[in-house]
Amino acid sequence: MIFYFSGTGNTRWAAEQLAAATHERLLSIADELNTPCEYTLAEQERIGFCFPVHGWQPPHIVREFISRMTIHEAAGHYAYALCTCGDSTGLSVKMLTKELALKGIGLQSCQSLIMPESYVCLPFMYTDSPEREREKTEQARHDLDEFIKVVINRQSGYSRLKRGLTPWTFSHVIGAYFNRYMITDKKFTVDADVCIHCGRCAKECPVGEIAFEETPSWKHDGRCTCCLSCYHHCPVHAINYGQITRKRGQYYFGHKYGPE
């Protein structure tokens, strides 16, 4: 059983590869939050958690899911975590580990994948160049292949995480501020004269937080994770987050470079 959350597709890709290799169930955390979040494992079934790092912490949607879920007789089942990030993870996996322990789940292995950057809402953050994007994706494929072997063989004590130079500060100071004050849909706007009314933004939103009539509108219901999937998938760059993203690039996993 693999639980995953993904915004622009990096984590979904990794989770799909794990599911294909292990032949185990793949469940979207965003969808599962609409259910009782109660699970019974098959014999020898593994438990996987795949998520993107948001502000050097697990996304709040992942933490909410863990707080609500019940996995019956989880003890004795192999458990692992995989996270994706643009640069470093901080202590996000350590934080996840503590919250899983409260549910009787202990992680046997963990892996981070450095993937193309998608968060562009701060002055110093941009999407990667096409060359850097290809480099990251190629290395991530290699790292994921190695981790799949670890998971298939149920290897314990395996940890390959890029935490960064000052992980505690990034997760517990900068990340704490970021996740408390900067995860909001209130800064999203749409240029009505540019919007082509395709509705792709609403379709791609992983938490269903966008209403669409003639143009998109955000529901302000607390579900937004600021994953920027709406921004990155807009084919005409009509969606912005404040003013800072107007001249920033776009990225989602599997997009094409240049004209199609």
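These exercises work through aromatic contacts, a pocket, the cysteines and some backbone features of a predicted model.

Residues are numbered from 1 along each chain as its sequence is written, and side-chain values use heavy atoms, with hydrogens and water left out. Because the model is predicted, local features need pLDDT of at least 70 and side-chain atom pairs count only at pLDDT 80 or more, while totals for chains, interfaces and linings use all residues.

**Exercise 1. Classify the aromatic pair of Tyr-80 and Phe-147, and state which parts of the chain the pair ties together.**

Step 1. Rings of Phe, Tyr and Trp (its six-membered ring) pair if their centres lie within 6.5 Å, and planes under 30 degrees apart count as stacked, over 60 as edge-to-face and the rest as tilted. The structure holds 13 aromatic pairs under this rule.

Step 2. For Tyr-80 and Phe-147 the centre-to-centre value is 5.9 Å and the planes stand at 70°, which makes the pair edge-to-face.

Step 3. Helices (H or I, at least four residues) and strands (E, at least two) are DSSP runs, numbered from the N terminus. Tyr-80 belongs to strand S6 (residues 79-85) and Phe-147 to helix H5 (residues 130-152), so the contact ties together parts that are 67 residues apart in sequence.

Step 4. Both residues, Tyr-80 and Phe-147, are buried, where buried means under 20% relative accessible area, exposed over 50% and partly exposed in between (1.4 Å probe, protein chains only).

**Exercise 2. Repeat the analysis for Tyr-119 and Phe-178.**

Step 1. The ring centres of Tyr-119 and Phe-178 are 5.4 Å apart with the planes at 75°, so this pair is edge-to-face.

Step 2. Tyr-119 is found in the loop between strand S7 (109-114) and H5, whereas Phe-178 is in helix H6 (residues 167-181), so parts that are 59 residues apart in sequence are tied together.

Step 3. Tyr-119 and Phe-178 are both buried.

**Exercise 3. Find which residues form one aromatic cluster, and which arginines lie over a tyrosine ring.**

Step 1. One aromatic cluster is formed by Phe-3, Tyr-39, Phe-49 and Phe-65.

Step 2. A charge sits over a ring if NZ of Lys or CZ of Arg is within 6 Å of the ring centre and within 35 degrees of the ring normal. Arg-160 lies over the face of Tyr-158 at 4.4 Å from the ring centre, and the charged end of Arg-248 is placed over the ring of Tyr-126, 3.9 Å from its centre.

**Exercise 4. Describe the largest pocket by its volume and its lining.**

Step 1. On a 1 Å grid over the protein atoms alone, a pocket is an open set of points where a 1.4 Å probe fits, with protein on both sides within 12 Å along at least five of seven lines, and lining residues have an atom within 4 Å of a point. The volume of the largest pocket, the space filled by probe spheres set on the points, is about 740 Å³.

Step 2. The lining consists of 38 residues, and Val-53, Gly-86, Glu-117, Tyr-119 and Met-125 lie nearest the centre of the pocket.

Step 3. Helix H1 (10-22), S6 and H6 each supply at least two lining residues, and the largest share, 4 residues, comes from H6.

Step 4. The lining has 20 nonpolar, 14 polar and 4 charged residues, where Ala, Val, Leu, Ile, Met, Phe, Trp, Tyr, Cys and Pro count as nonpolar, Asp, Glu, Lys and Arg as charged, and the others, Gly among them, as polar.

**Exercise 5. Determine how many disulfides there are, and account for Cys-195 and Cys-198.**

Step 1. A disulfide is a pair of cysteine sulfur atoms within 2.5 Å, and the count comes to 0 disulfides.

Step 2. The closest cysteine sulfur to that of Cys-195 is in Cys-198, 6.5 Å away, which is too far for a bond. Cys-198 is likewise in no disulfide, with the nearest cysteine sulfur, that of Cys-234, 6.2 Å away.

Step 3. Cys-195 is buried at 13% relative accessible area, while Cys-198, at 46% relative accessibility, is partly exposed.

**Exercise 6. Locate Gln-44 and Cys-226, and give the phi of each.**

Step 1. Most residues other than glycine have a negative phi. Gln-44, which is not a glycine, has a positive phi of about 70°, and the phi of Cys-226 is also positive, near 55°.

Step 2. Gln-44 lies in the loop between strand S3 (38-40) and strand S4 (47-52) and is exposed at 51% relative accessibility.

Step 3. Cys-226 lies in the loop between strand S11 (216-218) and H8 and is buried, with a relative accessible area of 4%.
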